[in-house]
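Me: I'd like to learn how to read helix packing, pockets and confidence in a model. Can we walk through one together?

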Amino acid sequence: MYIRKILVIIALMGAVVGFGFMYYVYNAVFSPNTTFQNEEAYVYVESDGTFNDVQDQLEPLLEDMTTFTRIAERKGYVNNIKPGKYAIKKGMNNNEIINSLRSRNLPVDISFNNQETLGKLAGRIAMQIEADSVSLLNSFNDQAFLKEANFNEDTALAMYIPNSYELFWNTSGEGFRDRMLKEYKRFWNETRMKRAEAIGLTPLEVITLASIVHKETAMVDERPRVAGVYMNRLNKGMLLQADPTVIYAVKKHAGDFDKVIKRVLYKDLELDSPYNTYKYVGLPPGPIAMPDISAIDAVLNYEKNDYFYFVANVKDFGYHKFAKTLSQHNRNKQEYVRWLNSQAIKR
């Protein structure tokens, strides 16, 4: 009888201990373990990230790091870290957090506009994905890639069509570049290719002209007319005489694309550069910036008109005055020069 009591007591104690252990395990696995008040928080795991790096990011987000670490060890996550961007939702338990970190890499939306150089593009993209600006720029300038993709140093900028794109945060420099080549090919669909052929330009020439149109006017509704003027000049074999190309040439010559130039001077027009369309007939060797899609489509669908000249309209800022003859243009230009002088804009 005495032994039976002891066995019963031992059994009860075992049950209590077992129940306590089960309760601890249940809480460790399934009880909420977040402290933040927002609906969700994000963890960014780098490609060479370690479990310690993950812990550092989770420290301010979790109520109990010890239980998280134990469950992470039991689930094998500690030695199987996956790079990317992950969401931790308010009220998640350790099991859910680890499942999210292990298999739910979130895509991010990246965007860029009309950058003037590949270096500026690299800096812009480096702010949005894991890859740094150096690795991005190196991938952009890779000579083997450029040759295979039929680009060169002057035309490489044309491959990047300004838009918003969805990709993973841990995308490499090469991965981003390769994705942009796919997007470039997708952009130049059959409709656009036929339209480019119809106006007698290659896709690279369209983008080069579009970059000039983009720089000439920010008014989307005016871009087809500006494109029409330049197409008239190209078709007549005239100099384009586009101020934005001269500004680009000056910046490129000085090696300073941050330089602000508000006024083109006569001495600038003498700069011997293939980008100086006051000296050289036809389009420059490549785009002077990344034109947005509206500028590209403005070239593809340019307005058929009889204009050969235009100058900024000082009575309707943002727009231009167009002229069919040089004498009419000179009168418009005098008005613009008087306005520049009144504003003391010398450079």
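Reply: Sure, let's start with a helix pair: the axes of helix 10 and helix 12 come within 8 Å and cross at roughly 100°. Before we go on, this is a predicted model, where local features need pLDDT of at least 70, side-chain atom pairs count only at pLDDT 80 or more, and totals for chains, interfaces and linings use all residues. Residues are numbered from 1 along each chain as its sequence is written, and side-chain values use heavy atoms, with hydrogens and water left out.

Me: How are helix 10 and helix 12 set relative to each other?

Reply: The general idea is that two packed helices are described by the angle between their axes and the distance between the axes. Axes are lines fitted to C-alpha atoms, for helices over the stretch in contact, and angles run from 0 to 180 degrees between N-to-C directions. Under 35 degrees counts as roughly parallel, over 145 as roughly antiparallel, 65 to 115 as roughly perpendicular and the rest as oblique. Helix 10 and helix 12 are therefore roughly perpendicular to each other. Helices (H or I, at least four residues) and strands (E, at least two) are DSSP runs, numbered from the N terminus.

Me: Which residues of helix 10 and helix 12 meet?

Reply: Contact means heavy atoms within 4.5 Å. From helix 10, Ile 212, Lys 215 and Glu 216 meet Asp 243, Pro 244 and Thr 245 of helix 12. By class, that contact has two nonpolar, one polar and three charged residues. Here Ala, Val, Leu, Ile, Met, Phe, Trp, Tyr, Cys and Pro count as nonpolar, Asp, Glu, Lys and Arg as charged, and the others, Gly among them, as polar.

Me: What about helix 9 and helix 13, at what angle do they cross?

Reply: The axes of helix 9 (residues 190-198) and helix 13 (residues 293-300) cross at roughly 50° and come within 9 Å. That makes helix 9 oblique to helix 13. Arg 192, Arg 195 and Ala 196 of helix 9 make the contact with Ile 293, Asp 297 and Leu 300 of helix 13.

Me: Now pockets. How much space lies in the largest pocket?

Reply: A pocket is an open set of points on a 1 Å grid over the protein atoms alone, where a 1.4 Å probe fits, with protein on both sides within 12 Å along at least five of seven lines; lining residues have an atom within 4 Å of a point. Grid points are joined across faces, edges and corners, and a volume is the space filled by probe spheres set on the points. The largest pocket holds about 1400 Å³. It is lined by 45 residues, and Glu 216, Asp 243, Val 264, Val 311 and Tyr 336 are the closest to its centre. Helix 14 gives the most to this lining, with seven residues. The lining divides into 30 nonpolar, seven polar and eight charged residues.

Me: And how much space is in the second largest pocket?

Reply: About 240 Å³. Its 13 lining residues include Thr 117, Leu 118, Glu 153, Tyr 248 and Lys 252, the closest to its centre.

Me: Where does pLDDT stay under 50?

Reply: pLDDT is the predictor's confidence in each residue, from 0 to 100. The chain averages 90, and 90% of the residues score at least 70. Over residues 15-24, pLDDT stays under 50, and the model has two contacts beyond four places in sequence for them.
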